[in-house]
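This report introduces a protein structure to a reader who has not met it before. It begins with a single residue and then moves to the cores, the sheets and the helix packing.

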Amino acid sequence: MITYTSSSTLVFENETLPMETESFPFGELPIEWKEHCLIQNLNGSNTTFLNCTVRSGVTLDVRTLRNLSEGVVINLKISMKCQEDGNLFLPMPVKVPSIVSLSVDNCNLLGTNSETFEKDTAKFSDKIRYFELTNSVRIIDDSYLKMMLQDLNSTDSTKCGHLNAEVLIKRNVTKKFKTSASMNFLFSRNLAKLARSYTVSKNVCIYKNLKLYDNSRNPALGMNPVGSLLQSSSYPVLQVMNLSRVHLNEIPHQLRKWRLYFPRLNYLDLSFNNLSEVNSVVEIGRSEDNDTLGVIDLRNNKIKLLTKENLESYMRHKFVKVDIRDNPFVCDCRMNTVKEFLLGNGHKLPKQYDYLYGLRCTAPSNLKGRRIMKLSADEFGCEKSSRRLEMNTIIILSALSAVIIIITIVVVVFRNEIPVLIFTRIYIHITCGSLKIKDDKSYDAFVAFSEENEDWVIRTLIPRLEHPDKPPSFEVCIHQRDFLLGAAIVDNIFTCVKNSRHSIFIISKAFLKSEWCLMEFRAALQQSLKDKTHNLIMVLYEDISDTEIDEDLRRYLKAVTYVKIEDRFFWDKVVYALSRRQKKSNARFSKLKR
């Protein structure tokens, strides 16, 4: 039986039934396997253990067991450990009908992609419940690149992996490319073609039994640790996720919404990463079958400051605990605010946050090891006179500037918002912009965005525009759904832009790095100039410096008004921009007039 501790460390409970060494139950093992493996059969059951130590320079092929086990009803548990330069030929996912448990450690993994495009492997059943790869290296050679260049589609089993598994562990598994220079050159030349021909899988992977997922100690995972996990996949019973030591710089946004995507999750290990801020974690609430207290482990990161806003968000937590102990806190005057907040409002925090009173300083050196709650304002470096002066200054300036502030708010701040709010809230168009357009457009808007922002676009933007709580609604074009199958991507872009009344651009850092996104912008700009209209709607997804922005896009942004997603009138402005050129006879607006 397999259990796990709070740190997601696996614990194996020893089998109580007697073991005996016997011959291999499938028949005669190949001689190379006999030399490296010990066979043990569990008395009174159909379970066989195969414990192998692969010597240096030797390669064992797991496919041999597939051929031997055809038609045999038996549960095979394999544990393989390689000596230095020991090799294992292991097509993934592993399709050997009798294997229920496979553990591999310290091996060079060959042929992991050898069956990626093999349709024949679908005939082999997958009974694996426990799959563990640790401290191993996946060798990528020319054969895989050749298959990619043949424009083949991977099988469904390859895309989903082991759907019946309860435990999936890939800890400290890296890749090593052993490809020739000529193949690398050929592959790079055809990379754009492969990207255009790539189609996103529509099959849904449901991991109905998966309880533990461990992909720790994988530096390459830090860029997008959960994006591929959530792509058309479901994890109804996942309890433990270990993403420690993967060089994360921020908490993935999918994991900031507790139990939204993983309803049974109890322990999320993000320790020993590069997190420098405590991102806000929103508690969605208890799921129907899980009201236990979960833990998000942020220990041993690079968090130096705790804020009042962090503590206020913790007050709303009932079913989650964010653990930030063992971080290098800097005890300056800002941390004194945290202390004062805890003294005045600490009783409002849930009990799971009692540990906050024991947090200790790491810097400056004279305060290292001291408890934050035991320090005085002077030790934090705060001067009381300076605080009083600042408070008096604020009061005086506030009193003298009250009239100016009110006038500024009414005349300046709301000058642009007033027409928008009047139109979107009471449906009166008071500006001089024309509402009429030609009727030869198929869509109200074409939306261009990076794949990294796909979750927000699909789950938030599109439903709000196409199926709002109140009219108007809009017909939206996105490339995943509305591009014409079989047509070139470039042709699709120009066609969709031409057939749309507006083009919405979700500007992010990822957008600026995508040549396809920039091509969509230039196509829309060209069409706008041709039609002599201003129909480009620029949405700033995150703060971006001028140096990061493409020259054409930077010049355009300086000439037009854009909207940020955190703008409190964001939806009003987007709806207004999409609606102001619609025909008065439009069916959606006939409802508004009634």
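## A buried methionine and its surroundings

M335 lies in helix α9, which covers residues 333-345. The model described here is predicted. With a relative accessible area of 1%, M335 falls under the 20% limit and is therefore buried. Apart from neighbours within four places in sequence, M335 is in contact with K304, L305, L306, F329, V330, I372 and F380. One of these partners, L305, is 30 residues away from M335 along the chain, yet the C-alpha atoms of the two are separated by 7.0 Å.

## The chain as a whole

The protein chain has 594 residues, of which 45% count as buried. Its secondary structure comprises 21 helices and 26 strands. Among the contacts in the chain with a separation of 6 or more, 78% are between residues 24 or more positions apart.

## Nonpolar cores

In soluble globular proteins, nonpolar side chains tend to be buried together. The largest nonpolar core of this model holds 84 residues, and the members that touch the most others are L50, M241, L306, Y314, I324 and L356. Not counting residues up to four places away in sequence, L356 touches L306, L311, Y314, I324, L342 and L349. Another core, of 26 residues, lies apart from the largest one and includes F483, V497, I549 and L553.

## Strand β5 and its partners

Strand β5 spans residues 47-54 and is mostly covered, with six of its eight residues buried. Strand β4, residues 37-42, pairs with β5 in the antiparallel sense over five bridges. Within this pairing, N41 has T48 of β5 as its bridge partner. Strand β7, residues 75-82, runs parallel to β5 and is joined to it by eight bridges. Here V54 has C82 of β7 as its bridge partner. Both arrangements fit a general rule: strands of a sheet pair through backbone hydrogen bonds, either parallel or antiparallel.

## A five-stranded parallel sheet

An open sheet of five strands follows the order β23-β22-β24-β25-β26, with parallel pairing. β23 (476-477) and β26 (563-564) stand at the edges; each has a single partner strand, so one side of each is left without a neighbour in the sheet. The partner strand β22, residues 443-448, pairs with β23 in the parallel sense over two bridges, and A445 has V476 of β23 as its bridge partner.

Helices pack on this sheet. α14 touches β22, β23 and β24 (500-507), and its direction makes about 150° with that of β24. Helix α18, residues 515-531, touches β22, β24 and β25 (536-540), and its direction makes about 145° with that of β25.

Within the sheet, S500 is found in strand β24. Its relative accessible area is 2%, so S500 is buried. Leaving aside neighbours within four places in sequence, S500 is in contact with K441, Y443, A445, F446 and C477.

## Helix pairs

Two helix pairs involve the helices that pack on the sheet. Their packing values are set out below.

| Helix pair | Angle | Axis separation |
|---|---|---|
| α14 (residues 454-466) and α20 (residues 570-579) | about 60° | 11 Å |
| α18 and α19 (residues 551-559) | about 50° | 10 Å |

The angle of about 60° between α14 and α20 makes α14 oblique to α20, and α14 passes α20 in a right-handed crossing. On the α14 side the contact is made by W456, T460, L461, R464 and L465, and on the α20 side by F570, W571, V574, V575 and L578.

In the second pair, the angle of about 50° makes α18 oblique to α19. α18 passes α19 in a left-handed crossing. The residues in contact are F521, R522 and L525 of α18 and D552, L553 and Y556 of α19. L553 is also among the members of the core of 26 residues.

Key
Residues numbered from 1 in each chain as written. Predicted model: local features only at pLDDT ≥ 70, side-chain atom pairs only at ≥ 80, totals over all residues. Heavy atoms only, no water. Buried < 20%, exposed > 50% of the residue type's maximum accessible area, 1.4 Å probe, protein only. Helix = DSSP H or I, 4+ residues; strand = E, 2+ residues; numbered from the N terminus. Pairing = 2+ DSSP bridges. Core = buried A, V, L, I, M, F, W, Y, C linked by side-chain atoms within 4.5 Å. Contact = heavy atoms within 4.5 Å. Axes fitted to C-alpha atoms, helices over the stretch in contact; angles between N-to-C directions. Parallel < 35°, antiparallel > 145°, perpendicular 65-115°, else oblique. Left-handed = near helix turned anticlockwise from the far one by under 90°.
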